Amino acid sequence: MLTLTSDFGSPYPAAMKGVIRRHTDAELIDVGHDLPRGDPRAAAFWLRFVLPEFPPAVHCAVIDPGVGTGRDALVIRAGSHVVVAPDNGLAMPPARALATDETDVDVWAIDAADPESATFHGRDVFAPTAARVHEAISDESGGSPDEASRSDVADALAEMDDLSRASDPVDLVFPDPTVERDDSGGVAAVDGEVLAIDRFGNVITNVPGELLEDRDWVRVDGDLTPVVETFGAVDPGERLVTVGSHGHVECDVNDGRGDGAFDMRPGDSVRFVADNVSV
Amino acid sequence: MLTLTSDFGSPYPAAMKGVIRRHTDAELIDVGHDLPRGDPRAAAFWLRFVLPEFPPAVHCAVIDPGVGTGRDALVIRAGSHVVVAPDNGLAMPPARALATDETDVDVWAIDAADPESATFHGRDVFAPTAARVHEAISDESGGSPDEASRSDVADALAEMDDLSRASDPVDLVFPDPTVERDDSGGVAAVDGEVLAIDRFGNVITNVPGELLEDRDWVRVDGDLTPVVETFGAVDPGERLVTVGSHGHVECDVNDGRGDGAFDMRPGDSVRFVADNVSV
Amino acid sequence: MLTLTSDFGSPYPAAMKGVIRRHTDAELIDVGHDLPRGDPRAAAFWLRFVLPEFPPAVHCAVIDPGVGTGRDALVIRAGSHVVVAPDNGLAMPPARALATDETDVDVWAIDAADPESATFHGRDVFAPTAARVHEAISDESGGSPDEASRSDVADALAEMDDLSRASDPVDLVFPDPTVERDDSGGVAAVDGEVLAIDRFGNVITNVPGELLEDRDWVRVDGDLTPVVETFGAVDPGERLVTVGSHGHVECDVNDGRGDGAFDMRPGDSVRFVADNVSV
């Protein structure tokens, strides 16, 4: 199985699929091609969320604002998964989520000949490399990558001629929120950060859901906001705070856009203050 | 074969596909993931139009404004097809279209353990259930659901431990238009309703195309409008009435948006009056 | 393998896939379904760019502003590929790119019975024809179209009952730019045309990249603009000229939209004048 992720929209990813079909008949699954443009950080967030749902696979992820510059192209083993991506940090958070521990990640650089185009390495470098990695793993394990063992995958990569170990990949770490406790050890306030905005305008923060456990209300940058389990718990157009399917605190609007209502963008800071009011 | 429909946009459906791939290698076909948000009625309209084109399959459809509330999750057999969907009515119109008659529909509720997330039952409930239904049918029929008989499908569902018969699913019925006849029995006027707006802004009504047969003009809410077979029969920017591929009367604009020009939204009423003018 | 291209958005293409699955289990790959609406010229540009990346396949492409009029429906062999499309020119530029030379293209018309709908020939004519062509080639070659020889493909089409040779298909030729040379034979100026705008607002012209080789600056309709290899070579919001992955000169904006900044639309003329300034 080979998953594909990019910010290319349509129809560029089809060119990647055509190239891949010249190398392998691996099943192709699109993670998405409308990820935020040129934003490795958003890509890292979404891939860390989505890729661990898959059985072992090769994941080709091209969000590549540095295309045409000297940035490396990487092949990263994490557990029995492989992520093929530019060296801009996007692959490291999902790789850590796919690995059992820190030592379970190998990073390789692709010794690519000069690609045909300066701007479409998705087609000219990443897609064919991902296809060849998929074939190498299949050859090593005698089956599909879905069933390959960790050592099959590691051995397959070690035997590929055009990969060399990379020692210092660009990394990207999502900041931890800062938690203030009250006298009894409860959560008094949390300073977090906006990680991503989804298609619905939901504002996804770096604050773990458990920090809001058992709260009915919280102040978001000063404004009292209900903490609910479902959007329908407030009227259409009303603001709410909830825990998303990724386990993070979100600032949303029922039947509306949270990014507009809360005036928040990726990278913005956000402060949650406990408020034990009854309203 | 397993089809997927949602209003999740991207990349959430990829998480569903990852989960499915842990259970089955059934072929996955996207019906669409940009259906109108939180609108079971629009979903019912589109699924009733699209699903009957498929050979027997398992259809997972998650448009779910009630996620996290107590609404049931359903598995519905209709003919040799199965629809897996929340209990909000969206599945019933397509189920009736897939069945040979009213008795050809079995409705089951999923006895789900508490799902991992309160907001992403697509990943945590519907996708794994659809995958397991697909496997159960394959086991029962000794092949793919495409070739399973009605009784194979019925038996497979009856043998699943976590399904129990549901007696009173939420239903959703598209209203019939009201037809006024003239003295000779011809159609004088039709009072209909807007069912859906497509991506192009075409306004799809509940009025069957045959009611406009052999007309050249019709008054739409009072305004004389040409009845044409193709958009190109009027100039760009001009309004028109035509019969869409679903067999329903549409109010459209050539190279423009019908919803804007006619000021119509889903649920609006619309009156067509016969007008035998020659212009 | 069967690729699908349209301007239908969602969920109409799923109806085509359902129909195809009643005829063949050929792998389905979407080229894209959000191509510019009703624009065979843009479709021709994109398909000429994307289809040659694929191994031999059947390509179903429905951008069809003339649906319901008397336009023919075509099946075109080009090399070992087949393009199934309306007769509006969209298929000819990609067919020439897929063929080895001008004689390597056969054009057939589909003798379609009256299709069920006047507006959805994608479902009623093109999808089932593409599926049947795929099956005919598989039968002829004893394998998948990916491995069929040119003569297998030619023979398979010749044996289909409902195809007849078409002698005069609508063609569509992308204009060549006009080049003015200076006294030493270098490029002094190029008059080109805008072929397409991509999702990012990048303005793709008909000017081959090599005409700008070794330039640092060029005047675009009078305005001095840097010629760069990567978007990142200019500041966000700044205009640039570069050579896209298709080998054509593009007028773009780093982290912005070129179509807005340069005020250009498909079909517009654009003049590039050499300027050996040092700025």
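**Figure 1. Laying chain B on chain C.** To compare two copies, they are superposed by least squares on the C-alpha atoms of residues with pLDDT of at least 70 in both. Keep in mind that this is a predicted model. Done this way, chain B lands on chain C after a turn of 120° with a shift of 0.0 Å along the axis, and the RMSD comes out at 0.1 Å. Which residue of chain B has its C-alpha nearest the axis? That's B:E27, and its C-alpha sits 5.6 Å away from the axis. The two copies use different surfaces here: just 4% of the contact residues of chain B turn up again in chain C.

**Figure 2. Turning chain A onto chain B.** Now try chain A and chain B: a rotation of 120° superposes them, with 0.0 Å of shift along the axis and an RMSD of 0.1 Å. Why does that matter for naming the axis? A turn like this is the relation of a three-fold axis. In chain A, the residue that comes closest to the rotation axis is A:E27, with its C-alpha at 5.5 Å. Once more the copies use different surfaces, since 4% of the contact residues of chain A recur in chain B.

**Figure 3. Where chain A meets chain B.** How many residues does each chain bring to the contact? Chain A puts in 27 and chain B puts in 24. Between them, about 2,100 Å² of area gets buried, and carbon and sulfur atoms account for 56% of that. The interface of chain A and chain B also has 7 residue pairs in polar contact, counting pairs with both residues at pLDDT 80 or more. On the chain A side, β2 (28–32) and α2 (40–50) each supply at least two residues to the part that touches chain B. β2(A) gives the most, with 4 residues. Sort the chain A side by class and you get 13 nonpolar, 7 polar and 7 charged residues.

**Figure 4. A salt bridge from chain B to chain A.** There are 2 salt bridges across the interface of chain A and chain B. Zoom in on one of them and you'll find the side chains of B:R123 and A:E53, 3.2 Å apart from N to O.

**Figure 5. Two domains in chain A.** Stay inside one chain for this view: chain A splits into domain 1 (2–165) and domain 2 (178–274). How far apart are the centres of domain 1 and domain 2 of chain A? Taken over C-alpha atoms, the gap is 33 Å. The two parts do touch, with 5 residues of domain 1 in contact with 9 residues of domain 2 in chain A. The area buried between these domains of chain A is about 630 Å², and 67% of it comes from carbon and sulfur atoms.

**Figure 6. A closer look at the domain contact.** Which three residues of domain 1 of chain A bury the most area against domain 2? The trio is A:R41, A:F45 and A:W46, and together they supply 65% of what domain 1 of chain A buries there. The interface of these two domains of chain A has 1 salt bridge. The side chains of A:R41 and A:E193 pair up in a salt bridge, at 2.5 Å from N to O. Between the two domains of chain A there is also a count of 1 residue pair in polar contact, with both residues at pLDDT 80 or more. By class, the domain 1 side of this contact in chain A is made of 3 nonpolar and 2 charged residues, with no polar ones.

Notes
Residues numbered from 1 in each chain as written. Chains lettered and ligands numbered in written order. Heavy atoms only, no water. Contact = heavy atoms within 4.5 Å. Buried area = accessible area lost by both parts, 1.4 Å probe. Salt bridge = Lys/Arg side-chain N within 4 Å of Asp/Glu carboxyl O. Polar contact = N/O pair within 3.5 Å; in protein donor to acceptor, adjacent residues only side chain to side chain. Nonpolar A, V, L, I, M, F, W, Y, C, P; charged D, E, K, R; others polar. Domains from an automatic or database assignment.
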